[in-house]
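Colleague: Could you walk me through this model while I have it open? I would like to go topic by topic and interrupt as we go.

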Amino acid sequence: MPAVNVADLRLVARRKLPKVVFEFLDGGASDEITLRANTADFAGLALRPRVMVDVARRDLSTTLFGESMALPLVLSPVGLTCMFCPEGELHAARAAAAAGIPYCLSNNAGHSIEEVRAATGKPFWFQLYVLKDRELTRSLVERAKAAGCSVLMVTVDLAAHGRRERDTRNGFTIPPRISPANLFEMLTKPGWLYHRLAGRPLTFANYKTGAEGGFLHLAKFIAEQFDPAVTWKDIAWLKSIFGGPIVVKGILTGDDARLAIDHGADGISVSNHGGRQLDAVLSPIAALPEVVEAVAGRIPVLMDGGVRRGADIVRARALGASAVMIGRAFVYGLAAEGPGGAARVIEMLRGELDNALALLGVPSVAEIDRSVLAHEWKSN
């Protein structure tokens, strides 16, 4: 049967990827309480439709950081997207550009800032981790600026790596290794295996230092560069280099939202790293109202995590998000359908969002507010 929604594409991706690779994409931290909540908590936000409203023309567009967007959707940074689909970063960037929405390239992408710029010819966003080597950090920001990246997204929830127990049980490594324990499983995924063996080798393409000794040495170098000493003062430093809008990604509380604004952030992404860091924290959709209240309209608030339906975009907008971000969803598309998979996911969500507006009696994204919610999610 043809895939008709993101959940269908996830099942196809599970069939096409080796188990160890799929579970790296699909899994979360510890007991995966937060991973499940990221999607499940949307169900607690029932919608309240109005009828007999003229919705013959519907407008899905919005504006964010001075950029016009065809719909309030951003493709999130996903490290080594090319592990799930050859040239995955390039396909995702092209799909976003064609759809009129932003794409955010990961710090740890398999294609460099310059390669993505050459492939799209259009501005995109760049996601950054503040590294122990501040000069290396500076060089990444300067390269993003030189490439015309319009927004710098700084991820701040990685003081330590989350305990991803699925990966430990599966013996996951980067790059995935073929071993006696997984040889049969790998052989049952010939498409993925062929591209990994015959295609471009995996690499963290944005790093031009520390690469001596090959990929494993580079991966070790990068892992050692994550800095638990990052503080709010680094936001002002990054802003002085980049010069454009800076979005702080990984905020879950109103207190941190206010601090982000105090230290010069131009936007916030409410995110728990896809449930891959600390388990048992709030889902982004549950944390969103507190953050929006603290921000009080001073800067845009994005929401990143658990979005699988156009109706989820409506719910997030109703609670005050300027736009939502998707990561796993578009990667499921790439893994399931190859080069056109990210574009397919965008079109699925666009169609669902358009349908939701029509049936809610809301002619435009700009008119979505809390009145479309029958009740708001509340913790027990």
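**Around helix H14**

Modeller: Let me start where H14 ends: the helix is followed by Gly-320, whose phi is positive, near 110 degrees. Helices (H or I, at least four residues) and strands (E, at least two) are DSSP runs, numbered from the N terminus.

Colleague: Before we go on, what kind of model is this, and what do the values rest on?

Modeller: It is a predicted model, in which local features need pLDDT of at least 70 and side-chain atom pairs count only at pLDDT 80 or more, while totals for chains, interfaces and linings use all residues. Residues are numbered from 1 along each chain as its sequence is written, and side-chain values use heavy atoms, with hydrogens and water left out.

Colleague: Back to H14, then. How many of its residues are buried?

Modeller: The count is 8 of the 9 residues of H14, so this helix is largely enclosed by the rest of the structure. Buried means under 20% relative accessible area, exposed over 50%, and partly exposed in between, with a 1.4 Å probe and protein chains only. Among the buried residues are Asp-312, Arg-315 and Arg-317.

Colleague: What do those buried residues pack against?

Modeller: They pack against strand E1 (62–64), strand E3 (73–75), helix H13 (284–295), strand E9 (301–304), strand E10 (323–326) and H16, where contact means heavy atoms within 4.5 Å.

Colleague: And Arg-317, which opposite charge is nearest to it?

Modeller: The nearest side chain of opposite charge is Asp-59, 9.7 Å away, and Arg-317 is buried yet has no salt bridge. For charges, Lys and Arg count as positive and Asp and Glu as negative, while His and the chain ends are not counted; a salt bridge is a side-chain nitrogen of Lys or Arg within 4 Å of a carboxyl oxygen of Asp or Glu. Not counting residues up to four places away in sequence, Arg-317 touches Thr-62, Pro-72, Ser-322, Val-365, Ala-366 and Ile-368.

Colleague: How many salt bridges does a search of the whole structure find?

Modeller: It finds 20 salt bridges. In one of them, Glu-23 and Arg-166 meet at 3.8 Å, N to O, and that pair links distant parts of the chain, with Glu-23 in helix H2 and Arg-166 in helix H7, 143 residues apart.

Colleague: Which other partner does Arg-166 have?

Modeller: Arg-166 also forms a salt bridge with Glu-32, the closest N and O atoms being 2.8 Å apart. Glu-32 lies in the loop between H2 and helix H3 (33–40) and Arg-166 in H7, so the pair ties together parts that are 134 residues apart in sequence. Arg-166 is buried at a relative accessible area of 19%, and Glu-32 is buried at 11%.

Colleague: Where do Asp-304 and Lys-249 sit, and how far apart are they in sequence?

Modeller: Those two form a salt bridge with the closest N and O atoms 3.3 Å apart, and they sit in strand E9 (Asp-304) and strand E7 (residues 246–251, Lys-249), 55 residues apart. Asp-304 counts as buried at 8% relative accessibility, as does Lys-249 at 6%. Elsewhere, salt bridges that share partners join Arg-10, Glu-23, Asp-26, Glu-32 and Arg-166 into one network.

Colleague: Changing topic: how many aromatic pairs are there?

Modeller: A search of the whole structure finds 5. Rings of Phe, Tyr and Trp (its six-membered ring) pair if their centres lie within 6.5 Å, and planes under 30 degrees apart count as stacked, over 60 as edge-to-face and the rest as tilted. Phe-24 and Phe-172 are stacked, at 4.2 Å centre to centre and 10 degrees between the planes, and both are buried.

Colleague: Is there an edge-to-face or a tilted example, and which residues form it?

Modeller: The rings of Tyr-129 and Phe-226 have centres 5.0 Å apart and planes at 80 degrees, so that pair is edge-to-face.

Colleague: What lies over the face of Phe-24?

Modeller: Arg-276 does, at 4.9 Å from the ring centre; a charge sits over a ring if NZ of Lys or CZ of Arg is within 6 Å of the ring centre and within 35 degrees of the ring normal. Phe-24 also forms one aromatic cluster with Phe-84 and Phe-172.

Colleague: Last one: which residues touch the most other members in the largest nonpolar core?

Modeller: Of its 117 residues, they are Tyr-103, Leu-288 and Phe-330, and helix H16 (residues 341–360) gives the most to this core, with 9 residues. A nonpolar core is a set of buried Ala, Val, Leu, Ile, Met, Phe, Trp, Tyr and Cys residues joined through side-chain atoms within 4.5 Å. A second, separate core of 11 residues includes Val-74, Val-247, Leu-302 and Met-325.
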